[in-house]
Amino acid sequence: MTHNSSRPAPIHIVGAGGLGREVLDALFAAGRRPGNLVLVDDHVTATEIHEVPVLRPEDTDGGLFVVAVADPAVRRRLAQRMLDRGLAPTAVVHPRATLAHDVQIPAGCLVLANAFVSTRARLAAHTQVQYNATIGHDSVLHEFVTVLPGANVAGNVVLEDDVTIGSNACVLQGLVVGARTFVGAGAVVTKSHPADRVLVGVPAR
């Protein structure tokens with residue numbers, strides 16, 4: 001599809017559930033209008049949500065996308081599906097998020113309202129920092145990491161690919177959380193952990 005050069009490319013929000021509506025809110029707050037947005041979901045029967053049309057993935061035809069799904073494995077699969085259809089990833093940052101002056105937000109990332117990302121923190125592609133979550137100085141979030149609402153990642157932390165930090169959980173300073181590890185809601189991570197763990201409790205184990 002050839003888009004009118006006077007209009008920005010349409011943004012496709014992949015996932016029309018609660019997180020998808022939160023992404024819509026972020027885009028509305030940033031000045032985007034419904035006519036330039038598309039929701040993409042193959043499990044929703046509605047034809048539009050908040051005046052934004054809902055399409056099936058196979059009906060998408062060019063533009064930008066962000067995946068509004070918290071589960072890293074599902075998000076990775078859906079991102080590849082959009083890439084295969086020729087769409088390009090874009091970042092969405094709510095205007096009420098706070099980013100240090102030296103923080104860059106790569107394509108596919110999502111940073112929601114009242115999130116805070118501190119100085120020299122590094123986010124990789126398709127990472128999510130959801131509302132009221134905080135990322136400390138010099139921390140590194142690898143691809144497809146999810147930091148759920150209210151979670152706190154302290155300084156100099158490394159979250160490897162596909163890690164999920166649950167709502168209101170805390171990862172203490174200087175730790176490494178291995179790939180695909182899931183940290184449950186409210187847990188406090190006090191030591192580094194290898195890949196493929198499920199961590200709950202205080203201290204998390």
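**Figure 1. Overall dimensions of the predicted chain.** With 205 residues, a compact globule would be expected to have a radius of gyration near 17 Å, and because the chain has 17 Å, its value agrees with that expectation. The model is a predicted one, and its C-alpha atoms fill a box of roughly 50 × 35 × 25 Å when taken along the principal axes. The secondary structure of the chain is made up of two helices and 23 strands.

**Figure 2. Residues of the largest nonpolar core.** This core has 30 residues, and those that touch the most other members are V129, I135, L141, V147, L159 and I165. Leaving aside residues up to four places away in sequence, I135 touches V129, L141, V147 and V153, and also F116, V117, S118 and A121.

**Figure 3. The second nonpolar core.** Separate from the largest core, a second core consists of 18 residues, among them L37, V54, A68 and L112. Across the chain as a whole, 48% of the 205 residues are buried.

**Figure 4. Contacts along the sequence.** When contacts in the chain are restricted to those between residues at least 6 apart in sequence, 28% of them join residues that are at least 24 apart.

**Figure 5. Surface and charged side chains.** The chain has an accessible surface of about 9200 Å², and carbon and sulfur atoms account for 51% of that surface. Its charged side chains comprise 17 positive and 18 negative ones, with the centres of the two sets lying 4 Å apart.

Definitions and conventions. Residues numbered from 1 in each chain as written. Predicted model: local features only at pLDDT ≥ 70, side-chain atom pairs only at ≥ 80, totals over all residues. Heavy atoms only, no water. Helix = DSSP H or I, 4+ residues; strand = E, 2+ residues; numbered from the N terminus. Rg over C-alpha atoms; globule rule 2.2 N^0.38 Å. Buried < 20%, exposed > 50% of the residue type's maximum accessible area, 1.4 Å probe, protein only. Contact = heavy atoms within 4.5 Å. Areas by Shrake-Rupley, 256 points an atom, 1.4 Å probe, with all protein chains shown as cover. Lys, Arg positive; Asp, Glu negative; His and termini not counted. Charge placed at Lys NZ, Arg CZ, Asp CG, Glu CD. Core = buried A, V, L, I, M, F, W, Y, C linked by side-chain atoms within 4.5 Å.
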